[in-house]
Amino acid sequence: MMFAHPNLDGSFTCSCVLPFRGPRSFDALRTSDDVEALFRELFPDVLDLVPDVGKVFLDQPTFKLVTTRTSPWHHEGKVVLIGDACHAVYPFLAQGMNAAFEDGLELADSLAAFPDDPEAAVERFYQRRKPHTDALAEMSRQNFAELRDTVRSPAVRLEKACDVVLEKALRHRWMPLHAMITNTTMPYAEAQERAPASAGSCKQWWRRREWRWSAD
């Protein structure tokens, strides 16, 4: 997958997501010709926009996209992990920093609830946050798969358009998953539960959506 971030000067900075190993991977791209051959196969429109794409690509650093799941997040009430230290996620929902801010709020609330027992406080913090950060990790992974594989699907585009129309018509009683995640303070696990299943029959899909609309 390749996507572009707009810059203030009107240019774009592009990111290319590939496996590290395999025939279509970073390991397979050793020369400018290798890069151009891959782009000619997967991203042919980029070749006209970036004539020296091979050199530009090879001059850029490569980073790993990782999901971090840890347990526990604390030790004897003396040390506690928050943010990416305990639950780094793929960036495809842009919620990593928000999740860390929520950690800070929850930790402060837990310390206030148990001012004389730091071990109980950090355990409360862990128990209250862990389900939501696990949900965020899974939804970030699913959103990457959707962006990579289905974003140009007519069925998916129709579904997204229907979501927008229904959200406006029903005044937020119907809300797409992405809106629940990015535009509200709804906990991640609750948003995941209210969202439609990513797979299953149309009947199941409709039942989940009908429940989501009527739940409020």
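A residue is called buried when its relative accessible area is under 20%, exposed when that area is over 50%, and partly exposed in between. By this rule D134, at 24% relative accessibility, counts as partly exposed. The structure described here is a predicted model, and the account below moves from its salt bridges to its strands, its helices and its nonpolar cores.

## Salt bridges

The structure holds 14 salt bridges, and three of them are set out in the table with the distance between the closest nitrogen and oxygen atoms.

| Basic residue | Acidic residue | N to O distance |
|---|---|---|
| R21 | D27 | 3.9 Å |
| R69 | D134 | 3.6 Å |
| R128 | E106 | 2.7 Å |

The salt bridge of R69 with D134 has its closest N and O atoms 3.6 Å apart. Because R69 lies in the loop between α3 and β3 whereas D134 belongs to helix α6, this pair ties together parts that are 65 residues apart in sequence. R69 has a relative accessible area of 47% and is therefore partly exposed, and its partner D134, at 24%, is likewise classed as partly exposed.

The side chains of R128 and E106 meet at 2.7 Å, N to O. Here R128 comes from helix α6 and E106 from helix α5 (residues 96-113), so that the pair ties together parts 22 residues apart in sequence. With a relative accessible area of 41%, R128 is partly exposed, whereas E106, with 16%, is buried. This pair also belongs to a network of salt bridges in which E106, D109, R124 and R128 are linked.

For R21 and D27, whose closest N and O atoms are 3.9 Å apart, the accessibilities are as follows: R21 counts as exposed at 68%, and D27 is partly exposed with a relative accessible area of 36%.

## The loop between α3 and β3

The loop that holds R69 also contains S71, which is found between α3 and β3 (74-75). At 53% relative accessibility S71 counts as exposed, and its side chain makes a polar contact of 2.6 Å with the side chain of Y126. S71 and H87 are 16 residues apart along the chain, and their C-alpha atoms are separated by 9.7 Å.

## The hairpin of β1 and β2

Strand β1 (2-6) pairs with strand β2 (residues 12-16) in the antiparallel sense, over five bridges. Within this pairing, H5 stands opposite T13 in β2. The hairpin has five residues between its strands, and G10 takes a positive phi near 90° there.

## Helix α1 and its two faces

Helix α1 spans residues 32-42, and V35, L38 and F39 are buried in it. These three residues cover an arc of only 95° around the axis, which puts them on the same side of α1. The face turned away from that buried side carries the exposed residues D33 and R40. As for their surroundings, the buried residues of α1 pack against β1 (2-6), α2 (44-49) and α3 (53-59).

## Nonpolar cores and helix α6

In soluble globular proteins, nonpolar side chains tend to be buried together. The largest nonpolar core in this model has 15 residues, and those with the most contacts inside it are L93, L136, M139, M180, I181, Y188 and A191. The elements that give two or more residues to this core are α6, α8 (177-183) and α9 (188-194), and α6 gives the most, with four residues. Not counting residues up to four places away in sequence, L136 touches V89, L93, Q95, A99 and Y188. A second, separate core of eleven residues includes C16, L18, F26 and F57.

Helix α6 runs over residues 118-149 and contains N143. At 15% relative accessibility N143 counts as buried, and, leaving aside its neighbours within four places in sequence, it is in contact with F92 and L93. L93 thus appears in several settings: this residue is among those with the most contacts inside the largest core, it is touched by L136, and it is in contact with N143.

Definitions and conventions: Residues numbered from 1 in each chain as written. Predicted model: local features only at pLDDT ≥ 70, side-chain atom pairs only at ≥ 80, totals over all residues. Heavy atoms only, no water. Buried < 20%, exposed > 50% of the residue type's maximum accessible area, 1.4 Å probe, protein only. Arc of directions from axis to C-beta. Contact = heavy atoms within 4.5 Å. Polar contact = N/O pair within 3.5 Å; in protein donor to acceptor, adjacent residues only side chain to side chain. Pairing = 2+ DSSP bridges. Salt bridge = Lys/Arg side-chain N within 4 Å of Asp/Glu carboxyl O. Core = buried A, V, L, I, M, F, W, Y, C linked by side-chain atoms within 4.5 Å.
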